[in-house]
There are 2 protein chains.
Amino acid sequence: MDKNEKNITIYSISQKLGLSPSTVSRALRGSPLVREETRKRVLRVAKELGYATNSFARSLRTKKSHIIAIITEDITNPFTSLIIKGIEEVTAKNNYHIIYGNGDGNLNKEKRYLNALIQRQIEGLIYISTVSREIKDFYLNTSIPVIFSYSYSLTPDIPSIIPDDLYGGYIATEYLIKLGHKRIAFIFGPAGYKATTDRLAGSKKAFEDYNLDWDHRLVRHCKEWDSASGYKEALDLLSKDIIPTAIFAGNDLIAVGVMDALREKGLNVPKDISVVGYDDREVCGYVRPKLTTVRLPLVEIGKKSAEILINHINGKNEGIEAITRVKGELIIRDSCCSLGFKSKEVMPEK
Amino acid sequence: MDKNEKNITIYSISQKLGLSPSTVSRALRGSPLVREETRKRVLRVAKELGYATNSFARSLRTKKSHIIAIITEDITNPFTSLIIKGIEEVTAKNNYHIIYGNGDGNLNKEKRYLNALIQRQIEGLIYISTVSREIKDFYLNTSIPVIFSYSYSLTPDIPSIIPDDLYGGYIATEYLIKLGHKRIAFIFGPAGYKATTDRLAGSKKAFEDYNLDWDHRLVRHCKEWDSASGYKEALDLLSKDIIPTAIFAGNDLIAVGVMDALREKGLNVPKDISVVGYDDREVCGYVRPKLTTVRLPLVEIGKKSAEILINHINGKNEGIEAITRVKGELIIRDSCCSLGFKSKEVMPEK
DNA sequence: ATGAAAGCGCTAACAG
DNA sequence: CTGTTAGCGCTTTCAT
């Protein structure tokens, strides 16, 4: 513009004011080693000139990038974006920036990102995966701290921040029990997932605490985490001798399939059979009846992940647990009611 | 490790090989000015030493960051993540990295990000907003190219990549017409949104092309883009004289509300009334019947945004349109059928 | 095909 | 409170 073609640097400012670059640098960063009046002059001229810090130069010098990376396994998954939201909230507060890469379920792409980002001098990395069950050992030998968000790292060397599914399974089951249900069926997700075994353990614990008998005939596992599987298992379950008064599904999608089967059998939800889901996906508000479910604490998991990572970066890494569990909460909608209210009867208040 | 505490730089390599740093630098970048054998030696030692380029130093020197920024208005919106996926696909191919910031619907936060990221020497920026209707003039006076993704920038100086809602409105309406429907009701989203006026224009165009009369009594606007509004409008519509045989809703959520109203009135979807939504949200597959809808081309919008931005960065900015529209497609599910099939009758094949 | 030297813009001793 | 100096790690003329 009015200045030369040259970039505007602290040197431009120092020249204009007859100061040294170091003083300008200090003033800009708010060092107490600079007279208030001087700072003001510097700030004014900086604005006048349209000066902007060159953060490459700064980072080169200080060896601090103030950047962390997020690598996702699948950004398409609706859980992922809520976790990212949580991460972003705390990085923004702590003046960190986020470099984002999508692994796309492709191991090579993940590795390439990891290497490229380390060259970018990132100070830490959060890996968000919602399905992974394999150890990703290339995250182990990095020079920077790594956190696994949502999924288990499967190694104590990388902290995992995950939902407390044991607690979730417990509160969902307890809710049904308190509604008077005793014959509760469980249509869990596929066996072999931590999410499944934890939710199951929580349900079992609730049964124990309330002195109910665990009936294996009412416990099922879906082949997949989807409605088709839930539908299939529910249909099969309903063809047997004992019919439950309530069903706890492994996740919301399974629950939708369960409700399909129930509808097909002419059973009313919730009057004949209550249904509880898990995750609190967007669909819960749009299926009819609206689905009561356990909310996954995704934003909170993101926040926690970022907090732990940043503490780690700043050396406060005493007492970091290998696994941090974050509790969700029960979201009560319209798919459950007290035992004793049959079809055609009036629903109880609340 | 076995080396000193010092960082491993090209200098470390050059020492070990008795070469100059410049040669090492060239070798590393695959310059043709270096003998093949020399390159191999350099590469081997680099690997041995665990060398990683310091991209700050490189960027400081070359003045190219190879970073673009994404600022979102609301990452929580399920559209946003699909757009990001599209952007990421093309940046990854072109060796750009993404710095991500969430504006959170907070103008100040957005501005702060913009400034901070410019200091990071980002080469371009994509702003993803799904609701914005105000001009964000602070994106105008930047030294770097900016693209608005999904929403209108409202100024020709910033290219907008948006869904072709005129086309979408057209194909949805045409589909219903071809199914034999003539008395089609429209429960659009709130007036004042481009998405609304475009979809409406598309529908009108289809009516013209097929010589149907546009009946104002069958056209409604919701107060909000949600099911409650859809429900309300549908209920009111159904209380009037003329009952439509099909309803085109402003988006999927409105469609869910419409279907609620229909169910309440004892009308069967699709046998009594067909319903078409818009957006292709996840819910479409989980409501019953599954909702036929127009898919928003979100990944494609993301890709297009990134392509245009990168071209822009590389100076290929001749012929960049102020507005680029990307076409979606009709996703046929179970909520529509040919006129003439009444309740209790058998559904037609396919 | 390789090397020497300078410098990108900033910060951090050190000196005063 | 301010200035001098050096150097972060890399690329890039300019020589050879």
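Q: In this predicted model, what links K85(A), E88(A), E89(A), K303(A), D104(B) and K109(B)?
A: A network of salt bridges links these residues. Across all chains, the structure holds 50 salt bridges.

Q: What makes the pair E89(A) and K303(A) a salt bridge?
A: The N to O distance between their side chains is 3.5 Å. The cut-off is a Lys or Arg side-chain nitrogen within 4 Å of a carboxyl oxygen of Asp or Glu. The pair therefore counts as a salt bridge.

Q: Why does the pair E89(A) and K303(A) tie together parts that are apart in sequence?
A: E89(A) sits in helix 5 (residues 78-93) of chain A, and K303(A) in helix 11 (residues 298-313) of chain A, so the joined parts are 214 residues apart in sequence.

Q: Why is E89(A) called buried?
A: Its relative accessible area is 19%. Buried means under 20%, so E89(A) qualifies.

Q: Is K303(A) buried or exposed?
A: Neither label applies: K303(A) has 31% relative accessibility and counts as partly exposed. That class runs between the 20% limit for buried and the 50% limit for exposed.

Q: How do you know that R325(A) and D198(A) form a salt bridge?
A: Their closest N and O atoms are 3.8 Å apart. The limit is within 4 Å, so the pair passes. R325(A) lies in strand 11 (residues 323-326) of chain A and D198(A) in helix 8 (residues 194-209) of chain A, so this bridge ties together parts 127 residues apart in sequence. D198(A) is buried at 8%, while R325(A) is partly exposed at 42%.

Q: Where do D260(B) and R263(B) lie?
A: Both are in helix 10 (residues 252-264) of chain B, 3 residues apart, about one turn of the helix. Their side chains meet in a salt bridge at 3.0 Å, N to O.

Q: How do you know that S22(A) makes a polar contact with a base of DNA strand D?
A: An N or O atom in the side chain of S22(A) is 3.0 Å from a base oxygen of the strand. Polar contacts need N or O atoms within 3.5 Å, so this pair counts. S22(A) is also among the residues that come nearest to DNA strand D.

Q: Why are chains A and B said to be related as by a two-fold rotation axis?
A: Chain A can be laid on chain B by a turn of 180° and a shift of 0.0 Å along the axis, with an RMSD of 0.2 Å. The copies are thus related as by a two-fold axis.

Notes. Residues are numbered from 1 along each chain as its sequence is written. Chains are lettered from A and ligands numbered from 1 in the order in which they are written. This is a predicted model: local features need pLDDT of at least 70, side-chain atom pairs count only at pLDDT 80 or more; totals for chains, interfaces and linings use all residues. Side-chain values use heavy atoms; hydrogens and water are left out. Copies are superposed by least squares on the C-alpha atoms of residues with pLDDT of at least 70 in both. A residue is near a molecule or strand if one of its heavy atoms lies within 4 Å of it. A polar contact is a pair of N or O atoms within 3.5 Å; within protein, one must be able to donate a hydrogen and the other to accept it, and residues adjacent in sequence count only if both atoms are side-chain atoms. Helices (H or I, at least four residues) and strands (E, at least two) are DSSP runs, numbered from the N terminus. Buried means under 20% relative accessible area, exposed over 50%, partly exposed in between (1.4 Å probe, protein chains only).
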